[in-house]
Amino acid sequence: MEQNMNAPLLEVKNLKKHFQVSKGLLHAVDGVDLTIMAGQTLGVVGESGCGKSTLGRTILRLIEPTSGEMMFEGENYADYSKRKMRDMRKNMQMIFQDPYSSLDPRKCVSDLIAEFMIINKTYKTRAEIYKRVDELMDTVGLAKRLTDAYPHELDGGRRQRIGVARALSLNPKFIVCDEPVSALDVSIQAQILNLLMDLQEEYHLTYMFITHNLSVVKHISNDIMVMYLGKCVERASSDELFANPMHPYTKALLSAIPVPDISMREAKIQTIKGEVTSPINPKPGCRFANRCEFATAACREVEPELTEVQPGHFVACSRLAEIG
């Protein structure tokens, strides 16, 4: 069935994921809304521990949500049974951050790529499955001579190509890329990013690209969502966010991007000071208030809503009018 490239493929409304820990309730994802159009990429950025990976895994229901709606092609799959979710997951796959720990060290390359197709009985015969494995290896740039190699014999880039091939093996429409290049050398990062973009164009794939590297996310994303302690604090198109960041947290993140220009060496970097608010039983108010130089007493009492301040540009900051 052909995708409508002008329609949302994925819509998430008020998604929450809370974990019960010894000290209380940890709000890992706390009321996130997002929309990803078919054939596009949403970049999700923020510090370690802000809930990016938990958001991706919850959307795929690798972790069960606490509450909220998740719509895929107009169907709310948040309450699907395990059997129904297994069929749905053929359309939704994940590329994991660590290309070594996500692979079974006892399986060779061809068996790793074939695994999902065997489990889901995608083809009638093993010959058809392994013919498809050969095609996938060629698609992701893995040499035929590596068919019988094991993960420990390969470098990080080749291991991640296996991860990409596995994600593609069931012909999904949506892929969550959970920091897929952060464990790789810079030159290999560029190869994997270009591969992902080429595959997106060829197969009309839709991505959620999770990363803490803002240079990477600008390169690959149509829209960007900035997260802080389980909340979305800003969301806009990639070009708009980099040209006109509004939230103090976003501004600080962007100012920290290294610029390869000696004339910029005196440029001021906006440092973030103060204590990080605990995500366990969080108090009312803005979660960034303790680290924000513009925060007032009201910021610590009332939680700001994510508001559309310009067409397609959403910001959660009650002091936006004052700080500009």
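This is a short dialogue on reading strands, helices, pockets and a cavity in a predicted model.

User: Where should I start with the sheet that contains β1, and what is its strand order?

Analyst: Strands of a sheet pair through backbone hydrogen bonds, either parallel or antiparallel. Here the order is β2-β1-β4-β5 in an open sheet of 4 strands, and the pairing is antiparallel. Strands β2 (24-37) and β5 (75-76) each have a single partner strand and stand at the edges, so one side of each is left without a neighbour in the sheet.

User: How many bridges link β1 and β2?

Analyst: Antiparallel pairing between β1 (residues 8-21) and β2 runs over 11 bridges. To fix the register, take Leu-15, whose bridge partner in β2 is Val-32.

User: Which helix lies across these strands, and at what angle to β1?

Analyst: Helix α1 (residues 52-59) lies across β1, β2 and β4 (67-72), and its direction makes about 115° with β1.

User: Which strands pair with β9, and in which sense, parallel or antiparallel?

Analyst: Strand β3 (residues 41-45) runs parallel to β9, joined by 4 bridges. One of the pairs puts Gly-43 against Ile-224 in β9. Strand β10 (residues 231-237) pairs with β9 in the antiparallel sense over 6 bridges, with Met-227 opposite Cys-232 in β10.

User: What connects β9 and β10?

Analyst: The two strands form a hairpin with 2 residues between them. In that turn, Leu-229 has a positive phi of about 50°.

User: Why is β9 described as largely enclosed?

Analyst: In a regular strand the side chains alternate between the two faces of the sheet. For β9 (residues 223-228), 5 of the 6 residues are buried, so the strand is largely enclosed by the rest of the structure.

User: Which residues of helix α3 are buried, and what covers them?

Analyst: In α3 (residues 109-119) the buried residues are Val-109, Ser-110, Leu-112, Ile-113, Ala-114 and Met-117. Their cover includes α4 (126-140) and α5 (156-168). Just after α3, Lys-121 takes a positive phi of about 50°.

User: What is the volume of the largest pocket, and which residues are closest to its centre?

Analyst: Rolling a probe the size of a water molecule over the atoms shows where empty space is left. The largest pocket holds about 370 Å³. Its lining has 21 residues, and Arg-89, Met-92, Gln-93, Met-94 and Phe-116 are the closest to its centre. At least two lining residues come from each of α2 (82-88), β6 (92-95), α3 and α5. By class, the lining divides into 11 nonpolar, 5 polar and 5 charged residues.

User: Which elements line the second largest pocket?

Analyst: The elements that give two or more residues to its lining are β2 and β10, and β10 has the largest share with 4 residues. The volume of the second largest pocket is about 310 Å³. Among its 19 lining residues, Lys-231, Cys-232, Pro-304, Leu-306 and Ala-316 lie nearest the centre. The classes are 10 nonpolar, 3 polar and 6 charged. Cys-232 thus links two readings: Cys-232 stands opposite Met-227 and lies among the residues nearest the centre of the second largest pocket.

User: How many cavities of 30 Å³ or more are there, and what lines the largest?

Analyst: The count is 1 cavity of 30 Å³ or more, and the volume of the largest is about 80 Å³. Of its 13 lining residues, Cys-286, Cys-292, Cys-299, Cys-317 and Arg-319 lie nearest the centre. The lining has 10 nonpolar, 2 polar and 1 charged residues.

Methods:
Residues numbered from 1 in each chain as written. Predicted model: local features only at pLDDT ≥ 70, side-chain atom pairs only at ≥ 80, totals over all residues. Heavy atoms only, no water. Pairing = 2+ DSSP bridges. Contact = heavy atoms within 4.5 Å. Axes fitted to C-alpha atoms, helices over the stretch in contact; angles between N-to-C directions. 1 Å grid on protein atoms, 1.4 Å probe; cavity = no way out; pocket = protein on both sides within 12 Å on 5 of 7 lines; lining within 4 Å. Points joined across faces, edges and corners; volume = space filled by probe spheres on them. Nonpolar A, V, L, I, M, F, W, Y, C, P; charged D, E, K, R; others polar. Buried < 20%, exposed > 50% of the residue type's maximum accessible area, 1.4 Å probe, protein only.
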